[in-house]
Amino acid sequence: MQLNTTIPALNRWQTSPSIDTLQSLYDTSADQWHNNLVRLGQIHDYQLLFKSQAVYDRLRHLDQTARILDCGVGTGAFSAALLDSIEQPVHISGIDISYPMLTHARQNLKNRCTALDLWWGDIQRLPFADNSFDTVIFAHVLEHMADPVETLREIARVLKPGAPLIGSVTRKGLGQRLLSLRWHNRGYTANQLNLFLQAAGLETVEPFDYGTGWSTWMCIATLGVKPRVKIKP
Ligand SMILES: C[S@@+](CC[C@H](N)C(=O)[O-])C[C@H]1O[C@@H](n2cnc3c(N)ncnc32)[C@H](O)[C@@H]1O
């Protein structure tokens, strides 16, 4: 007799969870999310990422008219770290599939920006016009995408030519596999991340390590730039 057994926990990280699964996972985690980030040192590490020379050099041109989009904004921690690193407040737009996360993001960001608009929606279909944003940022959402390159193409669509994309993802490895049992997240190598951004049409791609604790072994940051339109001589 053939014995058919499956071990879902071992296969889970190889598939992409549905939006509904992710939404309910993050809805129920929203109230603890910020404290967990503090406990892991992730807030501090996000600040270090935005203060790193490569990222700071890309952001120092931002003025009060600048529009920033945070994809998978969560409770707003990644945007808050960006705001800590620049001299002027800017307009922040955030998008997420979890209303409870967005409610926390509103509380955390509302007095810190020239304008704040938060959207319930899927980053695979952004509700924004082409070439709208001076910078797009994302932290730990690409790991949930069935097709990371298509998602990055959609993100690149809304970036202005010459504008940077700054992101953080989970590094592929044992730690990520353990995390994925709860969070259903994939992990990527620096090389994979590089190839994803290049396939999405971004230039000057520089994956780099950041942080002092958790993030140094669990995360990789990336920086890409949307090419400027070339004018034929
Ligand atoms: C790991 S959390 C990161 C949150 C925040 N960026 C941070 O660093 O604290 C991932 C976030 O992405 C959101 N998310 C997952 N899939 C999404 C999708 N397809 N579109 C928009 N948001 C999504 C989740 O609801 C959650 O808030």
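# Exercises on a predicted model

Asn 131 sits in the loop between β3 and β4 (135-139). The structure is a predicted model.

**Exercise 1. Describe the backbone and the surroundings of Asn 131.**

Step 1. Take the backbone angle. Asn 131 is not a glycine, yet its phi is positive, about 55 degrees.

Step 2. Compare with the general rule. Most residues other than glycine have a negative phi.

Step 3. Count the neighbours. A residue is partly exposed if its count falls between the limits of 12 or fewer for exposed and 20 or more for buried. Asn 131 has 13 C-beta neighbours inside 10 Å, so it counts as partly exposed.

**Exercise 2. Do the same for His 140, and state where it lies relative to the ligand.**

Step 1. Locate the residue. His 140 is in the loop between β4 and α7 (148-158).

Step 2. Take phi. The value for His 140 is positive, about 60 degrees, although this residue is not a glycine.

Step 3. Classify the surroundings. His 140 has 18 C-beta neighbours inside 10 Å and therefore counts as partly exposed.

Step 4. Turn to the ligand. There are 22 residues around it, and His 140 is among those that come nearest, together with Tyr 26, Gly 72, Gly 74 and Ala 139.

Step 5. Assign the shell to elements. Two or more residues each come from α2 (19-39), α5 (77-85) and β2 (91-96). The most come from α2, which gives 4 residues.

Step 6. Sort the shell by type. It divides into 13 nonpolar, 7 polar and 2 charged residues.

**Exercise 3. How are the buried residues of helix α6 arranged around its axis?**

Step 1. List the buried residues. In α6 (residues 99-109) they are Met 101, Leu 102, His 104, Ala 105 and Leu 109.

Step 2. Look down the axis. These buried residues of α6 fall within an arc of 160 degrees, so they line one face of the helix.

Step 3. Find what covers them. The cover of the buried residues of α6 includes α2, α5, β2 and β3 (115-120).

**Exercise 4. Repeat the analysis for the buried residues of α7.**

Step 1. The buried residues of α7 are Pro 148, Thr 151, Leu 152, Ile 155, Ala 156 and Val 158.

Step 2. Their arc around the axis is only 160 degrees, which puts them on the same side of α7.

Step 3. Among the elements that cover the buried residues of α7 are β1 (67-71), β4, β5 (164-170) and α9.

**Exercise 5. Which residues of the largest nonpolar core touch the most other members?**

Step 1. Recall the general tendency. In soluble globular proteins, nonpolar side chains tend to be buried together.

Step 2. Name the residues. The largest nonpolar core has 59 residues, and those touching the most other members are Ile 68, Cys 71, Ala 81, Val 136, Ile 155 and Leu 159.

Step 3. Find the largest share. It comes from α5, with 5 residues.

Step 4. Follow one member. Beyond four places in sequence, Leu 159 touches Phe 133, Val 136, Leu 165 and Lys 226.

**Exercise 6. Is Ile 95 buried or exposed, and which residues does Ile 95 contact?**

Step 1. Ile 95 belongs to strand β2.

Step 2. With 23 C-beta neighbours inside 10 Å, Ile 95 counts as buried, because the limit for buried is 20 or more.

Step 3. Leaving aside neighbours within four places in sequence, Ile 95 is in contact with Cys 71, Val 73, Trp 119, Gly 121, Ile 123 and Leu 126.

**Exercise 7. Set separation in sequence against separation in space for Tyr 210 and Arg 177.**

Step 1. Tyr 210 lies in the loop between α9 (190-199) and α10 (214-218). It has 20 other C-beta atoms within 10 Å and is buried.

Step 2. Tyr 210 and Phe 50 are 160 residues apart along the chain, with 9.6 Å between their C-alpha atoms.

Step 3. Contacts of Tyr 210 beyond four places in sequence include Asp 45, Leu 48 and Cys 219.

Step 4. Arg 177 is in helix α8 (residues 174-183). Arg 177 and Lys 110 are 67 residues apart along the chain, and their C-alpha atoms are separated by 35 Å.

Step 5. Consider the whole chain. Among contacts between residues at least 6 apart in sequence, 75% join residues at least 24 apart.

**Exercise 8. Why does the radius of gyration of the chain agree with that of a compact globule?**

Step 1. A compact globule of 233 residues would have a radius of gyration near 17 Å; the chain has 18 Å, so the two agree.

Step 2. Add the spans. Along its principal axes the C-alpha trace covers about 70 × 45 × 35 Å.

Technical notes:
Residues numbered from 1 in each chain as written. Predicted model: local features only at pLDDT ≥ 70, side-chain atom pairs only at ≥ 80, totals over all residues. Near = placed C-beta within 6 Å. Nonpolar A, V, L, I, M, F, W, Y, C, P; charged D, E, K, R; others polar. Arc of directions from axis to C-beta. Contact = placed C-beta atoms within 7 Å. Core = buried A, V, L, I, M, F, W, Y, C linked by C-beta atoms within 7 Å. Rg over C-alpha atoms; globule rule 2.2 N^0.38 Å.
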